[in-house]
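Biologist: I'd like a close look at one part of this one, the network of salt bridges. Start at one end, walk me along it, and then tell me what else is worth a glance.

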Amino acid sequence: MHTFSIRPAALALTAALALAACGGSDSPSYPTLNGDTPLVIGHRGASGYRPDHTLESYKLAIEMGADFIEPDLVATKDGVLVARHEPNITGTTDVATRPEFASRKTTKNVDGVNEEGWFVSDFTLAELKTLRAVQPLSDRDQSYNGKFQIPTFEEVLDLAKAEGTKAGRTVGVYPETKHPTFHAKLGLPLEDRLLAVLAKYGYTTKASPVIVQSFEVSNLKYLRTKTQVRLVQLVDANDVNADGSMDLTAPYDKPYDFAVAGDSRTFASLLTPAGLKEIKTYADGIGPWKPYLIPSKQVDANKDGKPDDLNGDGKIDERDRVMMPATSVVKDAHAAGLFVHAYTFRNEAKRLASDFKGDPKAEYKLFFNLGVDGVFSDFTDTAKAARDN
Ligand SMILES: [Ca+2]
């Protein structure tokens, strides 16, 4: 999903927030659910700087000050949870260059979409460990390609503990169950495996340094019956339309378990006051794509039906969008007792709306001032600097 989609968001708002000196933190005060300093979540580690979901990427995020690091979890053929953004590892590893695995290339249906490539569930952990990670985004640093392994979830937990001890602070881990229905169909359901690992580390309570996230609903409801660790309902969309409304095109229109069950509710339904109230029955917070909080739109000043090229570079991208007023989602979620962790924040100028003039800190500040309780960021250092100064 929306992994690399970029629609930033954000203008407006009652910006000015109290910079009142609240005790206990070196950060300005923000209107979060409980008045806590918003969290900086190292999205796939420090994925702006290193191939994502590697121990080296997570370690750098911790060194940069991430409060949490964020591993996405998929299952190997022998049932081990490992960190990868997709079950399909064609884009994030060197598997396509390995003759010994050439015959594993196949097609699988992931959430209704046929994908060709190599899939984690066709490899044992030992086999996966022979692969090396690569940077999937061509505009990011390729110099670490071929150097780092795929880590297991336990290795990620160990790293967070060890690096947290070294830094003298608690580093949380924020695992996502990727494609729960897909994994269940393969006979490799993620939930009990996740619970077993968390139990092994003693992470079973609301105070544990763990938050579990999912785009599906029924697996979160199941997890709620088994653990008290914090749970987060992720909320996706396909795109943002020219006018700033959300584009809900399948398969990014609704949780995939809703699609399978014929449930007519969409992701947008989850963010209505009624939807949020229901989420509160099984989760502690929401993780919405950021344009649900502050959308952006294209401009067509001369009404020729074509978006204006605001920065005059001859193409249309995020830089040609303007931020709109905030929606009521943060306010409504807080009213329902849910915290809000928004995704994904990125530094690249081409991924920032025109309002921010190429300064990613301006985008963070807009969202922090709105009251988000945390941000998933590819660039922990920038997020932390924006939050603390
Ligand atoms: Ca442009």
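Modeller: Let's start with D139, which is partly exposed, with a relative accessibility of 35%. Keep in mind that this is a predicted model. The partner of D139 is K350: the two form a salt bridge, and their closest N and O atoms are 3.2 Å apart. In sequence they are 211 residues apart, so to speak of distant parts of the chain is fair: D139 sits in the loop between α2 (125-128) and α3 (153-167), K350 in the loop between β16 (339-345) and α11 (360-370). K350 comes out as partly exposed too, because its relative accessibility is 33%, and buried would need a value under 20%.

Next comes R140, whose side chain meets that of E348 in a salt bridge at 2.7 Å, N to O. This is another link between distant parts of the chain, with R140 in the loop between α2 and α3, E348 in the loop between β16 and α11, and 208 residues from one to the other. Both E348 and R140 are buried.

Then there's R346, which pairs with D378 in a salt bridge, again 2.7 Å from N to O. D378 is in the loop between β17 (374-377) and α12 (380-388), while R346 is in the loop between β16 and α11, so this bridge ties together parts that are 32 residues apart in sequence. D378 counts as buried because its relative accessibility is 1%, and R346 is buried as well, at 2%.

Put the pieces together and you have the network: D139, R140, R346, E348, K350, R351 and D378 are linked by salt bridges. For the model overall, the count comes to 27 salt bridges.

While you're around β16, look at the backbone. The peptide bond from Y343 to T344 is cis, with omega near -20°, and T344 belongs to strand β16. A second cis bond runs from A250 to P251, with omega near 5°, and P251 is in the loop between β12 (246-247) and α7 (256-261). I'd check these by eye, because most peptide bonds are trans.

Two phi angles go on the same list. D111, though not a glycine, has a positive phi of about 50°; D111 is in the loop between β5 (106-110) and β6 (113-117). H179, also a residue other than glycine, has phi near 50°, and its place is the loop between β8 (176-177) and α4 (180-185). Both count as buried, D111 at 15% relative accessibility and H179 at 18%.

There's a calcium ion to look at as well. Its donors come from D309, N311, D313, K315 and D320, at 2.1 to 2.7 Å, with K315 giving its O atom and D320 appearing twice through OD. The angles among the six donor atoms go from 52 to 157°, and the site is irregular. D309 and D320 are both in the loop between β14 (296-298) and β15 (321-323), 11 residues apart. D309 is partly exposed at 26%, whereas D320 is buried at 0%.

Last, the largest pocket: its volume is about 450 Å³. It has 21 lining residues, and D36, L39, R230, F339 and H341 lie nearest its centre. The lining divides into seven nonpolar, seven polar and seven charged residues.

Notes:
Residues numbered from 1 in each chain as written. Predicted model: local features only at pLDDT ≥ 70, side-chain atom pairs only at ≥ 80, totals over all residues. Heavy atoms only, no water. 1 Å grid on protein atoms, 1.4 Å probe; cavity = no way out; pocket = protein on both sides within 12 Å on 5 of 7 lines; lining within 4 Å. Points joined across faces, edges and corners; volume = space filled by probe spheres on them. Nonpolar A, V, L, I, M, F, W, Y, C, P; charged D, E, K, R; others polar. Salt bridge = Lys/Arg side-chain N within 4 Å of Asp/Glu carboxyl O. Helix = DSSP H or I, 4+ residues; strand = E, 2+ residues; numbered from the N terminus. Buried < 20%, exposed > 50% of the residue type's maximum accessible area, 1.4 Å probe, protein only. Donors = N, O, S within 2.8 Å, 3.2 Å for Na, K, Ca; no water. Tetrahedral: all angles 85-135°; square planar, octahedral: opposite > 155°, others 65-115°.
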